[in-house]
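The exercises below ask you to read a protein structure step by step. Try each task on your own before you follow its worked solution.

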Amino acid sequence: MVPTTLSRAEAAHLLRRAGYGGTNAEINAFTGKSLTSAVDAVLGHRSSDPIPAGPDVGTPAFVTNGSNYQAQNDSTNWWIHRMATLPQPSSVSTGALPIHERMAFFWHDHFACGVDKVGSMETMWDQIRLFRIHGLGSFDNLVRVASLSPAMLIYLDNHTNHYFSEQENFARELMELYTCGVGNFTEEDVVAMAKAWTGHSIVGWNGSFYERTYEYRSVEHNHNQKTLFGITANWNGVAIAGGERDTITELVWGVRATATSEFIARKLFRHFANYWPSQGAVDSLASVMRASGMRIAPVVRAILQHEEFWDAGTRYALIKSPADFAVTWLRRLGLDLTQMEELGLSSRLRDMGQELFEPPSVAGWGRGTKWLSSAGAWSRGDFLESMRYRSSVQAALPAIDSDDDPLSVVSQLVNFLGLEDVSNNTQ
C-alpha cells in the first residue's frame, strides 16, 4: 500500500533507494512527512517545477595530473566520498543531492565505458560529468551527449567507423543496450545504423599528441540512402545537414519510442525498486515517460510513488553493489576523504568485484546475485573490519558500558546505524 505519510521504516526505505541511505538524523527528518513532499525533497524539485540540471563539478586537478591509474584511484575516492557525504535536505533544495550521484552512477553502468580502453581518465571524467548534469533530464539529450562523448566513440570503436569500412559495434549497442532493446531491431538495422554513424569520430593524432575530442568527418560519412526500421532515407547518426534523418530522434521519438520507453522504464524500476516489475508497472511507467516528453525525472518520481515500490517484498529485494555497500557504511560512520584514502578504497572495491570507471563489459556490471560470492562476502567483511578501530568511528558510536545488557547494546547500535525492521530474533 502506498503510504500517505512516512513511518520511520518507510522513510529509511525511500532514502536507501533515492540516495545511499539516510543518517539517523535524516531518517528522523523524513519520518512523518507526506509522500509527495518526501519525494519532492529527494528529487530536489516539485512535480510542477521545471527539472533542474544536475550540478557540474568541473574537473579537479587530480584527474589530469599523474598517471591514469593514480587518477582513477583519486577519482574513485573523490566520487565515493561525495556519494557518502552529500546531505539529503528534508525539503526541496536546488543544490547537489544524493540522487544526482545515484543517477550518474546508473548511467555510468548503462552507457558502460572503461578507462583502460578509452585511454584517458580525463575523458572518462568528462563523460561522468555529462551523466551528472543530464541524468534526470531529457533522455533524447542524454543519448546524444553519451553517444557523441569521446569515451563512447572510442570504447565502442566508432572512431574507426568509416564509409566503405563500417564498424558495427557501436550501432548494435546503441539499440540493444541503450535504447530499444533486444527484439526491436534486425541485423539489417545494425548494418544501416552503422552506415548512419560513419564519420562520427575523434580528432586523434593532431600532429603533437593524441587528442580525444569529438569530430564529425563528412568525407568519411556514408551520405547514401539507407533503410533503417523499414524507412528509407538519408540517415545520419545525428542530423548534421538539412534533408538528413536523425537516428536518435527515431529511437527516442519515432517508431521505436514505445520499445525504448519500456526498456528504460523497466531498467529504472529494477534499479530503484525490485528486479521483477509487473508488466502493468512497466507499461504505466513507460506511458509516464512518453507523456513527459521522454524525460527521466518523471519516471523516477512515478517509481518512488508506485505501489510496487512500497510493497513489503520490495523493501529488501535489492542486493547492494560493492560501491553502494561501501557508500552506505561510510555515510553511516562518517569517515572523511583522508580516512577513505587510508583504507585503500579503490583496491577494496576491486576486491569486492567493482572497479569504478572500469566496467567488466559493455553491458556494465550486472546486478542481483552477481554480487553474491564467497570472495565478495569475505572482501565486504574485510572492508568493515578495516573501519572497526578508526577513532572517528569509535567517537561517533553510542556510549556503551561493559556492564550494559547485550540486547540493549545491540538496540543502541541498530538505532545509531539507522537500521529498520531488524527482528527481535536477529537482535
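## Exercise 1: A phenylalanine in a loop

Phe357 lies in the loop between helix H19 (345-352) and helix H20 (374-387). The model you are looking at is a predicted one.

Task: Decide whether Phe357 is buried or exposed, and find which residues outside its close sequence neighbourhood are in contact with Phe357.

Solution. Begin with the accessible area: a residue counts as buried when its relative accessible area is under 20%. Phe357 has a relative accessible area of 1%, so this residue is buried. Next, set aside the neighbours within four places in sequence, and Phe357 is still in contact with a list of residues that includes Trp79, His108, Cys113, Met124 and Trp365. Finally, compare this with a residue that is not in that list: Leu268 is 89 residues away from Phe357 along the chain, and the C-alpha atoms of the two are separated by 21 Å.

## Exercise 2: Two cysteines

Task: Explain why Cys113 and Cys180 are too far apart for a bond.

Solution. One of the contacts of Phe357 is Cys113, which is itself buried, with a relative accessible area of 0%. Cys180 also counts as buried, at 2% relative accessibility. A disulfide needs two cysteine sulfur atoms within 2.5 Å. The closest cysteine sulfur to that of Cys113 belongs to Cys180 and is 18 Å away, which is too far for a bond. Taken from the other side, the closest cysteine sulfur to Cys180 is that of Cys113, again at 18 Å. A search of the whole structure accordingly finds zero disulfides.

## Exercise 3: Positive phi angles

Task: For Phe164 and Met294, state where each residue lies and whether it is buried or exposed.

Solution. Take Phe164 first: its phi is near 75°, a positive value in a residue other than glycine. Phe164 sits in the loop between helix H10 (150-155) and H11, and with 70% relative accessibility it counts as exposed. Turn now to Met294, which is not a glycine either, yet has a positive phi of about 60°. Met294 is placed in the loop between helix H15 (279-291) and helix H16 (297-304), and at 2% relative accessibility Met294 counts as buried.

## Exercise 4: The packing of a helix

Task: Identify the buried residues of helix H12 and the elements against which they pack.

Solution. Helix H12 spans residues 187-196, and its buried residues are Asp189, Val190, Ala192, Met193, Ala194 and Ala196. These buried residues pack against two helices, H11 (169-176) and H13 (247-253), and against the strands S1 (200-205), S3 (226-228) and S5 (235-236).

## Exercise 5: The whole protein

Task: Describe the overall build of the protein, beginning with how many helices and strands there are.

Solution. Count the elements first: the protein has 22 helices and six strands. Its radius of gyration is 23 Å, close to the 22 Å that the globule rule gives for 427 residues, so the protein is as compact as a globular protein of that length. Along the principal axes, the C-alpha atoms fill a box of roughly 80 × 50 × 40 Å. Then consider the interior, where 53% of the 427 residues count as buried. Among contacts between residues at least 6 apart in sequence, 69% join residues at least 24 apart. As a last step, look at the surface: the protein exposes about 17,400 Å², and carbon and sulfur atoms supply 52% of this area.

Note on methods
Residues are numbered from 1 along each chain as its sequence is written. This is a predicted model: local features need pLDDT of at least 70, side-chain atom pairs count only at pLDDT 80 or more; totals for chains, interfaces and linings use all residues. Side-chain values use heavy atoms; hydrogens and water are left out. Helices (H or I, at least four residues) and strands (E, at least two) are DSSP runs, numbered from the N terminus. The radius of gyration is taken over C-alpha atoms; the globule rule is 2.2 Å times the number of residues to the power 0.38. Buried means under 20% relative accessible area, exposed over 50%, partly exposed in between (1.4 Å probe, protein chains only). Contact means heavy atoms within 4.5 Å. Accessible areas come from the Shrake-Rupley method with a 1.4 Å probe; for residues, only the protein chains shown count as cover.
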